[in-house]
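Work through the exercises below with the sequence and the model open. Each task is followed by a stepwise solution.

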Amino acid sequence: MEKLFLFIKTIVIEMLPEIISVLIISAVGLLIFLVISYQTKDLIRKFRPIWYIQSALLFSVVIAAKSIAYSSFGLDAGGLDLVDKASQTLLWLLGTLVANQALHLFVWEGVFLRKYKSTPPAILMGLATAFLYLVAIYGIMTFIFERPMTGLIVSSGIVAGVLGLAMQNSLADLVAGVSISIERPFKIGDWVELDDGTLGEVVDINWRATHIKSRHNSLYILPNARISNARVHNYSRPEKTYSCWIYVHIPSTVPPTLVRRVLLEAAVESENVLIDPAPIIRVSEAGGSYKYVVFVNFESYPSHYAGLDDLFMHVWVQCARHGIVPSAVTSEIIMRKGVAEEIKGPSPDDLLAEVELFSEVDEGSRQGLVSKIKVHAIPMGKEVVCQGDLGTSLYIISAGMVRVIIDTSDGGTQEIAKLGAGQYFGEMSLLAHEPRTATVMAHTDCQLLEIDKESMKSVFDSHPELMQIMAGIVTERRLSNEELTKNLSADDFATKLNALVTNLVERMKKIFR
Ligand code: CMP
């Protein structure tokens, strides 16, 4: 302790004027360095060699300036000593700045970024920078001002020991904060739940505590040491998307194929449910009633609250639409008399009426079409049409979802659209008598209504205006594909569209004559 006071007294009384003069000269030099580094910051990131050149130049300038001051200004012994100390101090500080820059450039934004895919937390960078400057202060005091700091370090070691005991908890938090920052079990923005039930979004991690914003819009402030010992459930890792499921109990009298379709439709229609990865429906228990699991994915953990609510609503609406009454979860005693009443899903006629394209078609023609329609149940992942094949049918999606994929010029494939219930595909080759322009694959389990050329012909006979509408859609789809594969400009797109529609209608008239 005594040594510490003696050291401070020596510095303040004996060396203050000298230190101030040295610091002023060094500060001017440093300022120039900082301005240059700030200006070249972005350039250095893009082109590292500039950093080597800049650092070497700065050191050379300080050494040259010192030589000029020595030889040109006729300084007396005091002046020479001052210049000497100032230049050495400046060199130490420059060295520290350059070392700090190197640390940022090569370690934080280099090795660390490559390994952990993000820049390190401020707490870690701050500690490393503070350490570098402490080393610089030690060097300046020991080698330039010849005041060895060993005594100071020993006495400050004792002080640190005393402080350490007093601040044991805070130090434990600091160490835990650094380890959280390096290990990154969670980061700002992640949703976490601790074993004591604390749940919320991480909004800040500082040297002492981690701040978690709860769903009540309030804040939990948890000491780092505590959180690093807790079991943490991170809902935002390894993926930000959040998977969950709900159970729906349906009477065993309802055909499972229908229930799957209905539940899938409900999931696909729900607002926050992702369609990629696609929802999955499974039967998990069978008995008096069947227990269905609806697996869905949400964009993030917090979006699942509103998402589940919307999903339950859609399950209810879809079940009601198909006349399905979900069972009570408790056991039921069913007394059957004769054959159970058959529950049917919507008929192709109902489904067709919902497709915008056929909604204007008169009842008679629609009935004619319905009688010729083929209904297909397609499992998820199966190809329905293949690019290049000859096609003679059009498909209407009555449930589920499909992906439209085209071959690209580099030999790969590209998804160009997803189509859902009420939309149709396969019209392009049917109407223009050309090979399939894309591959269409079931993205979820699907139900498709197939309409062949003959059936289409009878619809066109009674509703020729449909030709114009469908030609418009076909041409638009074809051009948008060309836009993707051949980089067609927006102007070319518009001029080509009208000409092609007229041309296609003429061809369709011949094909369906
Ligand atoms: P067809 O060429 O008969 O077979 C592949 C089908 O994919 C095609 O008809 C269209 O129905 C559909 N298709 C092609 N391009 C698109 C697109 N850009 N958007 C939506 N559907 C498309």
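**Exercise 1.** Which backbone nitrogen does the side chain of Asp310 reach?

Before solving, note the ground rules. This is a predicted model: local features need pLDDT of at least 70, side-chain atom pairs count only at pLDDT 80 or more, and totals for chains, interfaces and linings use all residues. Residues are numbered from 1 along each chain as its sequence is written, and side-chain values use heavy atoms, with hydrogens and water left out.

*Solution.*
- Step 1. Place the residue: Asp310 lies in helix 10 (residues 303–321). Helices (H or I, at least four residues) and strands (E, at least two) are DSSP runs, numbered from the N terminus.
- Step 2. List its contacts (heavy atoms within 4.5 Å). Leaving out residues up to four places away in sequence, Asp310 touches Ser270 and Glu271.
- Step 3. Read off the distance. The side chain of Asp310 reaches the backbone nitrogen of Glu271 at 2.6 Å.
- Step 4. Check the separation. Asp310 and Glu269 are 41 residues apart in sequence, and their C-alpha atoms are 9.1 Å apart in space.

**Exercise 2.** Is Ser236 buried or exposed? Find its polar partner too.

*Solution.*
- Step 1. Ser236 sits in the loop between strand 5 (232–234) and strand 6 (242–251).
- Step 2. Apply the cut-offs: buried means under 20% relative accessible area, exposed over 50%, partly exposed in between (1.4 Å probe, protein chains only). Ser236 counts as buried because its relative accessibility is 12%.
- Step 3. Beyond neighbours within four places in sequence, Ser236 is in contact with Gly189, Asp190 and Trp191. A polar atom of the Ser236 side chain lies 2.8 Å from the backbone nitrogen of Trp191.
- Step 4. Look along the loop between strand 5 and strand 6, where Pro238 is also placed. The peptide bond from Arg237 to Pro238 is cis, with omega near -5°.

**Exercise 3.** Which side chains make a polar contact with that of Gln447?

*Solution.*
- Step 1. Gln447 is in strand 16 (residues 446–452). It counts as buried because its relative accessibility is 13%.
- Step 2. Fix the criterion. A polar contact is a pair of N or O atoms within 3.5 Å; within protein, one must be able to donate a hydrogen and the other to accept it, and residues adjacent in sequence count only if both atoms are side-chain atoms.
- Step 3. The side chain of Gln447 meets that of Ser398 at 2.8 Å and that of Arg261 at 3.3 Å.
- Step 4. Not counting residues up to four places away in sequence, Gln447 also touches others, including Leu351, Val375, His376 and Ile396.

**Exercise 4.** Which residues come nearest to the ligand? Describe the shell.

*Solution.*
- Step 1. A residue is near a molecule if one of its heavy atoms lies within 4 Å of it. There are 16 residues around the ligand, of which Gly426, Glu427, Ser429, Arg436 and Thr437 come nearest.
- Step 2. Take the oxygen atoms of the ligand. One is 2.6 Å from an N or O atom in the side chain of Thr437. An oxygen atom of the ligand is 3.1 Å from an N or O atom in the side chain of Arg477. A backbone N or O atom of Met428 lies 3.4 Å from a ligand oxygen.
- Step 3. Turn to area (Shrake-Rupley method, 1.4 Å probe; for residues, only the protein chains shown count as cover). Taken alone, the ligand exposes 460 Å², and the protein buries 96% of that.
- Step 4. Strand 13 (413–420), helix 14 (427–432) and helix 16 (465–486) each give two or more residues to the shell.

**Exercise 5.** Which residues touch the most other members of the largest nonpolar core?

*Solution.*
- Step 1. A nonpolar core is a set of buried Ala, Val, Leu, Ile, Met, Phe, Trp, Tyr and Cys residues joined through side-chain atoms within 4.5 Å.
- Step 2. The largest core has 34 residues; Phe358, Ile396, Phe460 and Phe512 touch the most other members.
- Step 3. Apart from this core lies another of 28 residues, among them Ala267, Val273, Val294 and Ile324.
- Step 4. Set this against the chain: of its 513 residues, 41% count as buried.
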